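Please look over the sequence and the model below, and then follow the paragraphs that come after them, which go through the places where the ligands sit.

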Amino acid sequence: MTSSNRKKVIMDMDPGVDDALAIIMAIHSPELEVLAITTVAGNVGIDHCVKNTLRVLALLDLENPPIVARGAEKALKAKPHDAASVHGEDGLGALGDAYYPELNWDLVTDEPAADLMARLVAEHPGEVTVMADGPITNVAEAIRRHPKEMAKAKAIQAMTGAIHVPGNIPPVGAAEFDAYCDPDALAEVLDFTVPVFMVPLDVTHAVPLQRDIAQYEFGRRTDRISKFVLDSSVHYMDFYRDDQGHDGCYLHDPLNVAIAAFPTIARTEAMRIHVDTSDSLTRGLTLPYHHPRLKKAEPNCHVALKVDTERTMRLFWERVRGD
Ligand code: BDR
Ligand code: CA
């Protein structure tokens with residue numbers, strides 16, 4: 001594929017184990033051109049997120065790695081929340097600095113994530129898809145600061161929300177993590193003029209990664225990406241095993257990449273989604289307009305509600321291994 005017919009994406013994320021898998025998958029996907037990786041506090045604090053992005057890029061050892069930007073260290077308004085207990089204290093299973101090759105700190109630009117995002121979008125009008133894989137604070141911030149530039153985005157495609165299934169935030173499971181971390185940002189993004197595609201838990205839970213299968217697929221390989229996938233995901237998979245009885249994890253952010261590369265992998269429905277921005281048990285709830293009279297309310301996003309599990313998994317193995 002030539003550079004001109006690759007889909008231009010900006011990955012906005014909070015690496016995180018599944019974010020790391022998403023970076024590997026996106027970089028190994030010739031359908032996508034990753035213009036930049038912008039980071040946001042979420043799974044872990046912003047310093048870890050920047051460092052983890054560089055760690056994954058160092059393992060990938062690319063000739064032309066994407067630029068990396070530091071983004072929001074806190075939500076627009078909501079109280080801080082992280083998932084270090086899920087992803088490990090550094091966000092990548094706490095393997096330690098010595099595990100990684102030397103990091104290229106020169107990749108980190110001084111330009112703040114929101115400004116870089118808007119600038120790149122405006123430089124390629126109608127061509128850039130902003131893929132959000134974490135709390136959507138940077139995107140909301142970019143829209144606040146540079147609405148004219150951000151209006152030139154092709155789409156915003158966010159792994160976020162839980163529509164017809166429970167969320168993953170205890171104790172009641174109303175919200176999905178990214179929506180919970182910054183519900184105000186999500187509500188602002190849904191109000192914006194650019195088409196928004198939502199990839200919620202409804203579909204990411206349809207792409208589970210079983211530990212034994214991962215061990216079989218990656219364990220017989222000797223390359224460092226395969227080793228990293230297994231090593232970094234031990235803590236993450238232990239969490240799902242102990243918390244939910246699922247000995248593995250879910251491919252939340254990798255599914256967002258798969259859909260960006262091959263939109264027909266998912267079936268979407270135009271819907272109007274309300275985000276609960278209250279500071280209550282239902283903070284971050286992504287509620288579809290259910291009432292028969294309101295069901296036809298002006299949609300504010302396209303929600304992926306069905307996914308081709310087999311095709312996604314095939315793509316995951318192939319792209320993460322770099323076959
Ligand atoms: C989302 O929350 C984060 O923990 C994951 O990286 C993913 O983006 C899933 O709810
Ligand atoms: Ca994430």
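How far does a polar side-chain atom of Glu 176 lie from an oxygen atom of ligand 1? In this predicted model, the distance between that polar atom of Glu 176 and the ligand oxygen is 2.5 Å. Asp 253 also brings a polar side-chain atom to an oxygen atom of ligand 1, at 2.8 Å, and for His 87 the separation between a side-chain N or O atom and a ligand oxygen is 3.2 Å. Taken alone, ligand 1 would expose 280 Å², and the protein buries 96% of that area.

The space that ligand 1 takes up is the largest pocket, and the elements that each give two or more residues to the shell around the ligand are helix H1 (17–27), helix H7 (177–181) and helix H12 (252–261). In total, 13 residues surround ligand 1, and the closest are Asp 18, Asn 43, Asn 168, Glu 176 and Asp 253. Sorted by class, this shell holds six charged, four polar and three nonpolar residues.

Asp 253 appears again at the second ligand, a calcium ion, where it is one of the coordinating residues together with Asp 14, Asp 19 and Asp 133, at 2.2 to 2.7 Å. Asp 133 contributes an atom labelled O, whereas Asp 14, Asp 19 and Asp 253 contribute atoms labelled OD, with Asp 19 listed twice. Along the chain, these donors follow the spacing D-x4-D-x113-D-x119-D. Distant parts of the chain are linked in this way, since Asp 14 belongs to the loop between strand E1 (7–13) and H1, while Asp 133, 119 residues apart from it, belongs to the loop between strand E4 (128–132) and helix H5 (137–145).

Key
Residues are numbered from 1 along each chain as its sequence is written. Chains are lettered from A and ligands numbered from 1 in the order in which they are written. This is a predicted model: local features need pLDDT of at least 70, side-chain atom pairs count only at pLDDT 80 or more; totals for chains, interfaces and linings use all residues. Side-chain values use heavy atoms; hydrogens and water are left out. A residue is near a molecule or strand if one of its heavy atoms lies within 4 Å of it. A polar contact is a pair of N or O atoms within 3.5 Å; within protein, one must be able to donate a hydrogen and the other to accept it, and residues adjacent in sequence count only if both atoms are side-chain atoms. Accessible areas come from the Shrake-Rupley method with a 1.4 Å probe; for residues, only the protein chains shown count as cover. On a 1 Å grid over the protein atoms alone, a cavity is a set of points where a 1.4 Å probe fits but cannot get out, and a pocket is an open set with protein on both sides within 12 Å along at least five of seven lines; lining residues have an atom within 4 Å of a point. A molecule sits in a cavity or pocket if more than half of its atoms lie within 2 Å of its grid points. Helices (H or I, at least four residues) and strands (E, at least two) are DSSP runs, numbered from the N terminus. Ala, Val, Leu, Ile, Met, Phe, Trp, Tyr, Cys and Pro count as nonpolar, Asp, Glu, Lys and Arg as charged, and the others, Gly among them, as polar. Donors are N, O and S atoms within 2.8 Å of the metal (3.2 Å for Na, K and Ca); water is not among the atoms, so sites may look incomplete.
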